[in-house]
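Visitor: I am new to reading structures, and I would like a close look at one part of this one. Could you take me slowly through the cysteines, and then show me how their surroundings fit into the rest?

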There are 2 protein chains.
Amino acid sequence: MEEKEISQTVVGRLPRYFRYLGELKDEGIERVSSQELSDIMQVTASQIRQDLNNFGGFGQQGYGYNVGFLYDEIGKILGLHKEHNLIIVGAGHLGQALVNYTNFERRGFLFRGIFDRDAQVCGRKIRGILVRPMEEMEVFVRENNIDIAVLAIPKTGAVEVAEQLVDCGIKGIWNFAHVDLRVPEQIQVENVHLSDSLMKLSYNLSSRENEG
Amino acid sequence: MEEKEISQTVVGRLPRYFRYLGELKDEGIERVSSQELSDIMQVTASQIRQDLNNFGGFGQQGYGYNVGFLYDEIGKILGLHKEHNLIIVGAGHLGQALVNYTNFERRGFLFRGIFDRDAQVCGRKIRGILVRPMEEMEVFVRENNIDIAVLAIPKTGAVEVAEQLVDCGIKGIWNFAHVDLRVPEQIQVENVHLSDSLMKLSYNLSSRENEG
């Protein structure tokens, strides 16, 4: 499918559509109007129509949306019809949590390798996957067709690891390190800055108090 | 400080300013121009001025920003000068990862209690904090002045737990469960939907391929 440049705000909403459509599908619902979807998702029907129009619409006047079809199409737009090979750097608590989260696998995100700089951790297995030393990372990425690296490491060292990963051909980085990575434009980076998220919550609590 | 309604997009950028200013401060830098900050943060100087003007500006013509002052002020805006008492629901891998992340504590987010529905896990300690059964949650929240609950549990059950928490007076929920919570308007919810984030990365990888 050919797309025009879609804003990251719209892209950011697609997984939510995908999630709700998946739930409707699981409930055996075959069609849904933009108004019904709007009620469930608590966004306006016009927003839904606008968002989906970015990708060609999918709705039919007077019929609404076919749930299964729209679910599959959004899945394809999200690239979920393809498998992704992932490595995770950092076998600490967060790394373990991510490896143990089986939902990712169900969506085609397959953890192939885990790397850690702590020699004590290397050689262990997490959900059957061997933890390897950092020195093996570059060769592993090249030889196993790894396209996504997950950085579950502290800020220190993350920039350097990202550079190594870029050098050995990684395409995307899912970054949990609390630092902004500087990578070439063609590398996709998706940040999960947990502290930032918690501070945002703190701001909203605080501004609410000031109002009251 | 009195504020007008600030967009969540601007609010979402504040922690990043705070992070960069903290780094400058740690490096002993006392003042910074919006242009210098723009170079480091890779956003436009005009964006920085606009964002900060929402809160009264802080800059001085020809001087720029006083790093320490601006850091402190943004910290206050983010509510980081106050302590928050947190509980975490779910002592699985993710819950453990969050409890073990000491940076939150340094910012005044103090984990006071951990709750889990698995009787096998209850009674254990994570970083010195006892894991308690869910049945004790409501009384604990009321008696320990808990303002934030972290939901590190699967989708199933999350809506119900959120309702319980609201009933016993929680003010904010940091939600890692992959479901949208329906809570009264005055309750602040900050979602971390990890799957959504990974799907967004997948979309960006996929749309990049289609271009190429």
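Guide: A residue is called buried when its relative accessible area is under 20%, exposed when that area is over 50%, and partly exposed in between. By that rule A:C168 counts as buried, because its relative accessible area is 6%. Please keep in mind that the model is predicted. For chain A the mean pLDDT is 91, with 97% of its residues at 70 or more, and for the complex the predictor reports an ipTM of 0.92 together with a pTM of 0.91.

Does A:C168 have a bonding partner, or what stands in the way? A disulfide is a covalent bond between the sulfur atoms of two cysteines. The cut-off used here is that the two sulfur atoms lie within 2.5 Å. For A:C168 the closest cysteine sulfur belongs to A:C122 and is 17 Å away, which means that the gap is too far for a bond. Searching the whole structure gives 0 disulfides over all chains. Seen from the other side, A:C122 is likewise in no disulfide, and the nearest cysteine sulfur to it is that of A:C168, at 17 Å.

From a buried cysteine we can turn to the interior more broadly. In chain A, 53% of the 212 residues count as buried. In soluble globular proteins, nonpolar side chains tend to be buried together. The largest nonpolar core here has 104 residues, and the members that touch the most others are A:L98, A:W174, B:L98 and B:W174. If we set aside neighbours within four places in sequence, A:L98 is in contact with several residues of chain A, including A:I88, A:F104, A:F111, A:V150 and A:W174, and also with B:L194 from chain B.

For contrast, consider A:Y63, which sits in the loop that runs between helix 3 and strand 2 of chain A. A:Y63 is described as partly exposed because its relative accessible area is 30%. Apart from neighbours within four places in sequence, A:Y63 is in contact with A:E30 and A:R31. The C-alpha atoms of A:Y63 and A:V32 are 8.0 Å apart in space, although 31 residues separate the two in sequence.

That pairing leads to the fold of the chain as a whole. Chain A has 9 helices and 9 strands, and its C-alpha atoms fill a box of roughly 60 × 50 × 35 Å along the principal axes. Among the contacts in chain A with a separation of 6 or more, 56% join residues that are 24 or more positions apart.

Finally, let us look at the spaces in the structure. There is 1 cavity of 30 Å³ or more, and the largest cavity has a volume of about 30 Å³. Its lining is made by B:R13, B:R16, B:Y17, B:M41 and B:V43, with helix 1 of chain B giving the most, 3 residues. The second largest pocket has a volume of about 930 Å³ and is lined by 41 residues, of which A:I153, A:P154, A:K155, B:Y101 and B:N103 lie nearest its centre. Helix 1 of chain B again appears, giving the most to the lining of this pocket with 6 residues. Other elements that each supply at least two lining residues include strand 4 and helix 9 of chain A, as well as helix 6 of chain B.

Note on methods. Residues are numbered from 1 along each chain as its sequence is written. Chains are lettered from A and ligands numbered from 1 in the order in which they are written. This is a predicted model: local features need pLDDT of at least 70, side-chain atom pairs count only at pLDDT 80 or more; totals for chains, interfaces and linings use all residues. Side-chain values use heavy atoms; hydrogens and water are left out. A nonpolar core is a set of buried Ala, Val, Leu, Ile, Met, Phe, Trp, Tyr and Cys residues joined through side-chain atoms within 4.5 Å. Buried means under 20% relative accessible area, exposed over 50%, partly exposed in between (1.4 Å probe, protein chains only). Contact means heavy atoms within 4.5 Å. pLDDT is the predictor's confidence in each residue, from 0 to 100. On a 1 Å grid over the protein atoms alone, a cavity is a set of points where a 1.4 Å probe fits but cannot get out, and a pocket is an open set with protein on both sides within 12 Å along at least five of seven lines; lining residues have an atom within 4 Å of a point. Grid points are joined across faces, edges and corners, and a volume is the space filled by probe spheres set on the points. Helices (H or I, at least four residues) and strands (E, at least two) are DSSP runs, numbered from the N terminus.
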